[in-house]
Amino acid sequence: MSRAVDPPALRLQMECSFAAVRAGAAKLRGFLESNKLAEREIWACELAFVEGCNNAVQHTPLKLQASGIVVEVILGSAQLELRINDHTCGCDFPPHVPVPPPEHERGRGIFLMRTLMDDVAYIRRDSSNCLVLKKAITGI
């Protein structure tokens, strides 16, 4: 009798800081490279990861920053799922976001995540929130 093999996964428990996001992005890239994803898929997932985690860092209240950010990545045969769990107060996550004007220095994160990923969901809970990003893996 053969056992089902669990898909490759990565779990990161990160501090709530921009430095930790940079280090986490490097770990994510290494994980995706070791699993032979195409560079364009790696780049898209890495940028969406950074945007999602940076939003969590920016919006987590000081008193909750010690809770950190937990990231889970599950790599199936045809899809990658990236979950970013934070302890912010939550935010409105609009289904459609226009690209901000070039003169605006901020406000591109949700637009980029929605553009780069195939499915984006934001789940608000009482004590934490979960940003779920999904990307089809083509391997081309």
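User: Which residues does Ser 128 touch, leaving out those up to four places away in sequence?
Analyst: Keep in mind that this is a predicted model. Ser 128 sits in the loop between E4 and E5. Once residues up to four places away in sequence are set aside, the ones Ser 128 touches are Asp 86, His 87 and Ile 123.

User: Is Ser 128 buried or exposed, and at what relative accessible area?
Analyst: The cut-off for buried is under 20% relative accessible area. Ser 128 falls below that cut-off, so the residue is buried, with a relative accessible area of 12%.

User: What is the bridge partner of Asp 86 in E5?
Analyst: Asp 86 is one of the residues that Ser 128 touches. Strand E3 covers residues 79-86 and pairs with E5 in the antiparallel sense over eight bridges. In that pairing, the E5 partner of Asp 86 is Asn 129.

User: Staying with E5, which residue there stands opposite Arg 83?
Analyst: Arg 83 falls in E3, residues 79-86, and E3 is antiparallel to E5. Looking across to E5, the residue opposite Arg 83 is Val 132.

User: And on the E4 side, which E5 residue does Tyr 122 stand opposite?
Analyst: E4 takes in residues 119-124 and runs antiparallel to E5, with six bridges joining them. The two strands form a hairpin with four residues between them. Across from Tyr 122 in E5 you'll find Leu 131.

User: How many residues of E5 are buried?
Analyst: E5 spans residues 129-136 and is mostly covered. It pairs with E3 and also with E4, while helix H2 lies across E5 along with E1, E2 and E3. Of the eight residues in E5, the buried ones number six.

User: Which strands stand at the edges of the sheet?
Analyst: Five strands make up an open sheet with antiparallel pairing, in the order E1-E2-E3-E5-E4. An edge strand here has a single partner, so one side of it is left without a neighbour in the sheet. That describes E1 (9-14) and E4.

User: By what angle are neighbouring strands of this sheet turned against each other on average, direction ignored?
Analyst: The strand order is E1-E2-E3-E5-E4, in an open sheet. With direction ignored, the average turn between neighbours in this sheet is 10 degrees.

User: Are H1 and H2 roughly parallel or roughly antiparallel?
Analyst: Two packed helices are described by the angle between their axes and the distance between the axes. H1 (residues 18-34) packs on H2 at about 155 degrees, and the axes are 9 Å apart. Angles over 145 count as roughly antiparallel, so that's the label for H1 and H2: roughly antiparallel.

User: How many residues of the contact of H1 with H2 are nonpolar?
Analyst: The H1 side includes Phe 18, Val 21 and Leu 28, and the H2 side includes Ile 42, Trp 43 and Phe 49. Charged residues take part too, among them Arg 29 of H1 and Glu 46 of H2. The full split is four charged, three polar and, for nonpolar, 12.

User: In what order do the elements of the protein chain run from the N terminus on?
Analyst: There are three helices and five strands to place. Going from the N terminus, the order is β-α-α-β-β-α-β-β.

Terms used:
Residues numbered from 1 in each chain as written. Predicted model: local features only at pLDDT ≥ 70, side-chain atom pairs only at ≥ 80, totals over all residues. Heavy atoms only, no water. Buried < 20%, exposed > 50% of the residue type's maximum accessible area, 1.4 Å probe, protein only. Pairing = 2+ DSSP bridges. Axes fitted to C-alpha atoms, helices over the stretch in contact; angles between N-to-C directions. Contact = heavy atoms within 4.5 Å. Parallel < 35°, antiparallel > 145°, perpendicular 65-115°, else oblique.
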